[in-house]
Amino acid sequence: MSDRLPGFSTLAVHAGAQPDPTTGARATPIYQTTSFVFNDADHAASLFGLQAFGNIYTRIGNPTNAVLEERVAALEGGTAALAVASGHAAQVVVLQQLLQPGDEFIAARKLYGGSINQFTHAFKSFGWNVVWADPDDIASFERAVTPRTKAIFIESIANPAGSITDIEAISTVARKAGVPLIVDNTLASPYLIRPIDHGADIVVHSLTKFLGGHGNSLGGIIVDAGTFDWSTGGKYPMLSEPRPEYHGIRLQETFGNFAFAIACRVLGLRDLGPALSPFNAFMILTGIETLPLRMQKHCDNAKAVAEFLAGHPAVASVSYAGLPSDKYNQLARKYAPRGAGAVFTFSLKGGYDAGVSLVSKLQLFSHLANVGDTRSLVIHPASTTHSQLDDAAKVKSGAGPDVVRLSIGIEDKEDLIADLEQALGA
Ligand SMILES: *Cc1c(COP(=O)(O)O)cnc(C)c1O
């Protein structure tokens with residue numbers, strides 16, 4: 001064996017997986033079982049007391065899911081990961097370890113519409129207060145910090161317009177405030193951006209999108225960078241204080257640089273329960289094997305489509321960071337040199353009615369609420385994903401009435417352009 005570190009494409013195929021030791025199966029088996037037999041009573045007790053690692057019950061961990069966790073941790077450059085049932089479940093589990101009722105977290109205003117809802121309404125009922133900041137104005141994050149701030153949450157490539165966030169600048173604010181930076185890396189995937197390399201402490205994903213990549217399985221994942229010191233100032237009692245459910249152990253002291261991933265598993269997933277089905281883990285693992293190939297094609301197609309739209313007379317503007325004229329192009333060159341992703345927006349001269357009409361005329365593009373499928377997708381955010389926002393908030397979050405969002409798939413780009421051409425022209 002050479003001592004060369006494996007490259008990204010090699011990790012995407014191999015990280016975390018070995019041939020099955022009992023059967024020799026080369027693909028990772030689906031361990032479709034709820035529970036696992038203990039060796040003896042001492043073994044059982046040590047598993048329950050967190051003195052030994054091993055399988056107990058699939059709500060807490062499963063061998064198929066474990067391969068997925070190791071693989072995504074390797075691709076993101078983290079110390080450990082935890083797979084959960086959806087991207088939203090990942091967000092709940094992460095913040096449950098960090099916030100007590102009455103605490104605050106700062107979130108970028110440009111986010112997935114579902115996250116805006118979750119943060120504004122569901123989290124409020126837990127006593128967790130979101131404070132919004134503008135990712136294009138770094139000082140707005142600094143101004144939002146208070147003694148109750150426990151985390152900062154941003155997207156690397158942000159919904160819906162595919163804008164690029166200055167992760168390093170915001171990580172400096174987080175460091176100064178003594179709070180972890182959480183980056184939702186769903187739209188970039190680690191193939192385009194690895195937020196930990198730029199100062200993120202925690203990475204979350206909706207695996208439902210580009211990582212799974214085929215529009216067939218929900219999933220989410222939390223990656224621990226292992227970079228944050230949870231013991232400072234008693235701000236994070238879930239990690240620094242003795243845990244009564246585990247004979248008084250302190251997670252940070254016992255698990256060091258993967259304590260956060262452990263907390264998410266043994267306090268979050270165990271008690272809240274959003275476990276990922278091993279079948280979905282298998283589907284997502286299979287998707288990840290081709291992530292580098294798919295992601296490059298997604299980006300190359302997206303750039304071609306964005307260039308076509310930018311030259312079309314019915315189009316008022318295109319927001320795609322991969323275009324040299326785009327206001328995020330400088331940040332795209334720095335953070336995502338392989339491509340600026342495949343989700344972006346454009347606006348039509350005909351406004352709201354033209355947006356609705358375009359969506360109805362497209363044939364190859366599917367009209368639905370998802371991104372990161374092999375198939376190309378279209379949606380009109382103002383009447384769907386972002387419809388709960390008032391008009392001013394819609395515009396601020398990049399989902400004004402004339403805006404159409406595309407998620408570009410891996411079909412032939414000529415076919416995608418022809419479909420848009422007929423729908424725009426007709
Ligand atoms: C889809 C999505 C989520 C939510 O993930 P689910 O798997 O649908 O729960 C969160 N963030 C981003 C950026 C997303 O695209």
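**Close-up views of a predicted model**

**View 1. Leu50 in a loop between two helices.** Leu50 lies in the loop that runs between helix α2 (41–48) and helix α3 (63–76), where helices (H or I, at least four residues) and strands (E, at least two) are DSSP runs numbered from the N terminus. This is a predicted model, in which local features need pLDDT of at least 70 and side-chain atom pairs count only at pLDDT 80 or more, while totals for chains, interfaces and linings use all residues. Residues are numbered from 1 along each chain as its sequence is written, and side-chain values use heavy atoms, with hydrogens and water left out. The phi angle of Leu50 is near 65°, a positive value in a residue other than glycine. Most residues other than glycine have a negative phi. Leu50 counts as buried because its relative accessible area is 19%, the cut-offs being under 20% for buried and over 50% for exposed, with partly exposed in between (1.4 Å probe, protein chains only).

**View 2. His247, with a positive phi in the loop between α9 and α10**. The loop that holds His247 connects α9 (237–240) with α10 (251–255), and the phi angle of this residue, which is not a glycine, is near 50°. With a relative accessible area of 67%, His247 is exposed, whereas Leu50, at 19%, is buried.

**View 3. The cis peptide bond between Asn159 and Pro160**. The bond leading from Asn159 to Pro160 is cis, and its omega is near -15°. Most peptide bonds are trans. Pro160 belongs to the loop between strand β5 (157–158) and strand β6 (163–164).

**View 4. Thr165 and the backbone oxygen of Glu155**. Thr165 is placed in the loop that joins β6 to helix α7 (167–177), and a relative accessible area of 3% makes it buried. A polar atom in the side chain of Thr165 lies 2.6 Å from the backbone oxygen of Glu155.

**View 5. Leu187, a buried loop residue**. Leu187 is found in the loop between strand β7 (181–184) and helix α8 (189–192), and it is classed as buried because its relative accessible area is 3%. Leu187 and Phe123 stand 64 residues apart in sequence, and their C-alpha atoms are 23 Å apart in space.

**View 6. The ligand and the residues that surround it**. The ligand is surrounded by 14 residues, each with a heavy atom within 4 Å of it, and the closest of them are Gly87, Asp184, Ser206, Thr208 and Lys209. Helix α4 (residues 87–98) supplies three residues, the largest share of this shell. A polar backbone atom of Gly87 is 2.9 Å from an oxygen atom of the ligand, and a backbone N or O atom of His88 also lies 2.9 Å from a ligand oxygen. For Thr208, it is a side-chain N or O atom that is found 2.7 Å from an oxygen atom of the ligand. The ligand exposes 380 Å² when taken alone, and 93% of that area is buried by the protein (Shrake-Rupley method, 1.4 Å probe).

**View 7. Gln91 in helix α4 and Ile222**. Gln91 is located in helix α4, the helix that gives the largest share of the shell around the ligand, and it counts as buried because its relative accessibility is 4%. Although Gln91 and Ile222 are 131 residues apart along the chain, their C-alpha atoms are separated by 8.2 Å.

Technical notes: Polar contact = N/O pair within 3.5 Å; in protein donor to acceptor, adjacent residues only side chain to side chain.
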